[in-house]
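Got the viewer open and the cartoon showing? Let's take a walk around, one selection at a time.

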Amino acid sequence: MSDPFIIAGRNFHSRLIVGTGKYRSFQETARALEASGAEMVTVAVRRVNLDRSKESLLDFIDLKKYFLLPNTAGCYTADEAIRTARLGREVGISDWVKIEVIGDQATLYPDVQATLEATRVLVKEGFTVLPYTSDDIVFAKRLVDAGASAVMPLGAPIGSGLGIQNAANIRILREMITGVPLILDAGVGTASDAAIAMELGVDAVLMNTGIAAAHDPVLMAEAMKHAVLAGRHAYLAGRMEKKLYATASSPVENVVR
């Protein structure tokens, strides 16, 4: 691949990671996943029916096509998140985990200290840990030092669809975080939000509500696929310098006659 996206030694072609919650049906989930072109999909361990004798979300995800990233959604302490991650591994979902420890019920902002604690424990137990965190550069660096395989800062509160609220912090994170991917997680509401995130230099975008809550989730999933690709290409191409005054597109100076 000319522009590889690598997490913990694993190559992915798509830089769009999608969630599987909030859809109207499992069938709609499957159609949206297909339209998104994503290779990695997240599943909430605590919300998946692990009794395979009954219909489950996992019945609608082709495990030969998609890489599952279980998450600890719904956990409010480090201990809860650690136990949930262990459960996901024990039932055979994955030894990768998106750590999500919520610190505030109203905003669903992450408890960064608890996230760091859970990351340290799970890394020592052999998990590949991708932590959802704030856009705080100090804690981002601590997560990397703790062995996180990626850093996933929020763009805006989970499910808000507000887009990136602090672009300056994302730029700083892009400059400061090296060695592991920087993945924007939460806040994307439409395709332009995804494109802007990629133009800021993040390595990938993770989203759920922005697709699932759209009037047409399947069409929005396709839009997000193109937005992530366009944003990545724009970042690699390097945008033109912004200027206060106009510059003619067809200058007449130095024209050969």
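Before the first stop, one term: on a 1 Å grid over the protein atoms alone, a pocket is an open set of points where a 1.4 Å probe fits, with protein on both sides within 12 Å along at least five of seven lines, and its lining residues have an atom within 4 Å of a point. Grid points are joined across faces, edges and corners, and a volume is the space filled by probe spheres set on the points. Rolling a probe the size of a water molecule over the atoms shows where empty space is left.

Two notes on what you're looking at. This is a predicted model, in which local features need pLDDT of at least 70 and side-chain atom pairs count only at pLDDT 80 or more, while totals for chains, interfaces and linings use all residues. Residues are numbered from 1 along each chain as its sequence is written, and side-chain values use heavy atoms, with hydrogens and water left out.

**The whole chain**

Start zoomed out. The protein chain holds eight helices and 10 strands; these are DSSP runs numbered from the N terminus, with helices being H or I of at least four residues and strands E of at least two. Turn the C-alpha trace along its principal axes and the spans come to about 80 × 40 × 40 Å. The radius of gyration, taken over C-alpha atoms, has a globule rule of 2.2 Å times the number of residues to the power 0.38. For 257 residues, a compact globule would come out near 18 Å, and the 19 Å of the protein chain agrees with that.

Now switch on the surface. About 12,900 Å² of the protein chain is accessible, and 51% of that belongs to carbon and sulfur atoms (Shrake-Rupley method with a 1.4 Å probe; for residues, only the protein chains shown count as cover). Of the 257 residues, 49% count as buried, meaning under 20% relative accessible area, whereas exposed means over 50% and partly exposed lies in between.

**The largest pocket**

Select Gly-21, Lys-22, Arg-47, Ala-73 and Asn-208: among the 36 lining residues of the largest pocket, these lie nearest its centre. The space in there is about 690 Å³. Color strand E4 (40-44), strand E10 (204-207) and helix H7 (209-212), since each supplies at least two lining residues. Which element gives the most to this lining? That's E4, with three residues. The lining divides into 15 nonpolar, 15 polar and six charged residues. Here Ala, Val, Leu, Ile, Met, Phe, Trp, Tyr, Cys and Pro count as nonpolar, Asp, Glu, Lys and Arg as charged, and the others, Gly among them, as polar.

Stay on Lys-22 for a moment. You'll find Lys-22 in the loop between strand E3 (16-19) and helix H1 (26-36). Buried or exposed? Lys-22 is exposed, at 58% relative accessible area. Most residues other than glycine have a negative phi, but Lys-22 has a positive one of about 75°.

**The second largest pocket**

Next, select Arg-171, Glu-199, Tyr-235 and Lys-242, which are among the residues lining the second largest pocket. Helix H5 (167-176), helix H6 (191-199) and helix H8 (217-237) each give two or more residues to this lining, and H5 has the largest share, with three. The volume is about 350 Å³, and the lining has four nonpolar, two polar and six charged residues.

Follow H6 itself. Its buried residues include Ala-194, Ala-197 and Met-198, and their cover includes strand E9 (183-185), E10 and H8. Just after H6 comes Gly-201, with a positive phi near 105°. Then look at the loop between E9 and H6 for Ala-186. Ala-186 is buried, at 10% relative accessible area, and has a positive phi near 95° without being a glycine.

**Two buried threonines**

Select Thr-84 in helix H2 (residues 78-90). Thr-84 is buried, at 6% relative accessible area. Beyond neighbours within four places in sequence, Thr-84 is in contact with Val-45, Arg-46, Asn-71, Thr-72 and Cys-75, where contact means heavy atoms within 4.5 Å.

Finish at Thr-119 in helix H3 (residues 112-124). Thr-119 is buried, with a relative accessible area of 0%. Leaving out neighbours within four places, its contacts include Val-129, Pro-131 and Leu-143. Draw a distance from Thr-119 to Ile-99: they're 20 residues apart along the chain, yet their C-alpha atoms are separated by 7.3 Å.

How values were computed. Buried < 20%, exposed > 50% of the residue type's maximum accessible area, 1.4 Å probe, protein only.
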